[in-house]
Amino acid sequence: MNIFSTVPVSFAVAALGGEVLIDTVDGRVVYDVKAGTQTDTRVRLRGKGVPSLRNKDVRGDHYVTLVVQVPDKLSNEAKELLRQFDKETGNSLEAVRNMENNDLNEDKNKKEKKRKGIFNK
């Protein structure tokens, strides 16, 4: 009696919140996506599943998995805006380089302490 489906959600709607249309057995339903929704978020539409053959007053539910769609074609302007967005939200584009630099600095500090006779215990 339960139905399971997947609905694509744009990155903007997932990040900022907004509405998506979901096809159900009774027609389309508007669902309000919450801001900050992550991919593979599952929502339940109560009573939007298949009616029971034994009791028409009983219906299953419709479970929808929201999947955030990442655009595969971006203009140069859109790419630059995403780079700016990334810098404002944690600089993930530079995470590996920053980690490598931190590791190098730690190694230099350990070598310097060892050279000076200072040991970490």
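**Entry 1: strands**

Which residue is the bridge partner of Thr41 in β5? I looked it up, and the partner is Leu66. Note to self: I'm working with a predicted model here.

That pairing made me curious about the two strands around it. Strand β4 covers residues 41-45, and 5 bridges join it to β5. The two run antiparallel.

Then I checked β1, residues 3-10. I found 8 bridges between β1 and β5, and this time the strands run parallel. For one spot to click on, I picked Ser5, which stands opposite Val64 in β5.

So is β5 mostly covered or mostly open? Mostly covered: of the 8 residues in this strand (62-69), 6 are buried.

**Entry 2: aromatic rings**

Next I went looking for rings that pair up. How many aromatic pairs does the structure hold? I got 2.

One of them is Phe4 with Tyr63, and this pair is stacked. The centres are 5.2 Å apart and the planes differ by 15 degrees. I wrote down the cut-off too, since planes under 30 degrees apart count as stacked. Phe4 sits in strand β1 and Tyr63 in strand β5, so this pair ties together parts that are 59 residues apart in sequence. I also checked how open Phe4 is: its relative accessible area is 53%, which makes it exposed.

Phe11 and Phe85 also form a pair, and theirs is edge-to-face. I noted 6.1 Å centre to centre and 85 degrees between the planes. Why does this pair tie together parts that are 74 residues apart in sequence? Because Phe11 lies in helix α1 (residues 11-16), while Phe85 lies in helix α2 (residues 76-88). Both rings got an accessibility check. Phe11 counts as partly exposed at 39%, and Phe85 is partly exposed as well, at 42%.

**Entry 3: a nonpolar patch**

Which residues make the nonpolar surface patch of about 320 Å²? My list reads Met1, Val25, Val50 and Val58.

I placed two of these along the chain. Met1 is in the segment before β1, and Val25 is in the loop between β2 (18-24) and β3 (27-33). Met1 is partly exposed, with a relative accessible area of 48%.

I stayed with Met1 for a bit. In sequence, Met1 and Val58 are 57 residues apart, but in space I get 9.3 Å from C-alpha to C-alpha. The two also touch. Leaving out residues up to four places away in sequence, the other contacts of Met1 are Gly49, Val50, Ser52, Arg59, Gly60 and Asp61.

**Entry 4: salt bridges**

Two names in that contact list, Arg59 and Asp61, came up again when I turned to salt bridges. The count is 4, and I wrote up some of them.

Arg59 meets Asp26 in a salt bridge, side chain to side chain, at 3.1 Å from N to O. Arg59 is in the loop between β4 and β5, and Asp26 is in the loop between β2 and β3, so the bridge ties together parts that are 33 residues apart in sequence. I have Arg59 down as partly exposed at 29% relative accessibility. Asp26 is partly exposed too, at 48%.

Asp61 forms its salt bridge with Arg44, and the closest N and O atoms are 2.7 Å apart. This one also links distant parts of the chain, with Asp61 in the loop between β4 and β5 and Arg44 in strand β4, 17 residues apart. Is Asp61 buried or exposed? Buried, with a relative accessible area of 10%. I checked that against the cut-off: buried means under 20%. Its partner Arg44 is partly exposed, at 42%.

My last stop was helix α2, where I found Arg83 and Glu80. Their salt bridge has its closest N and O atoms 3.7 Å apart. How many residues apart are they? Just 3, about one turn of the helix. Arg83 is partly exposed with 42%, and Glu80 is partly exposed with 38%.

Conventions. Residues numbered from 1 in each chain as written. Predicted model: local features only at pLDDT ≥ 70, side-chain atom pairs only at ≥ 80, totals over all residues. Heavy atoms only, no water. Buried < 20%, exposed > 50% of the residue type's maximum accessible area, 1.4 Å probe, protein only. Helix = DSSP H or I, 4+ residues; strand = E, 2+ residues; numbered from the N terminus. Pairing = 2+ DSSP bridges. Phe/Tyr/Trp six-rings, centres within 6.5 Å; stacked < 30°, edge-to-face > 60°. Patch = residues over 30% accessible without salt bridge, like charges linked within 9 Å, V, L, I, M, F, W, Y side chains within 5 Å. Areas by Shrake-Rupley, 256 points an atom, 1.4 Å probe, with all protein chains shown as cover. Contact = heavy atoms within 4.5 Å.
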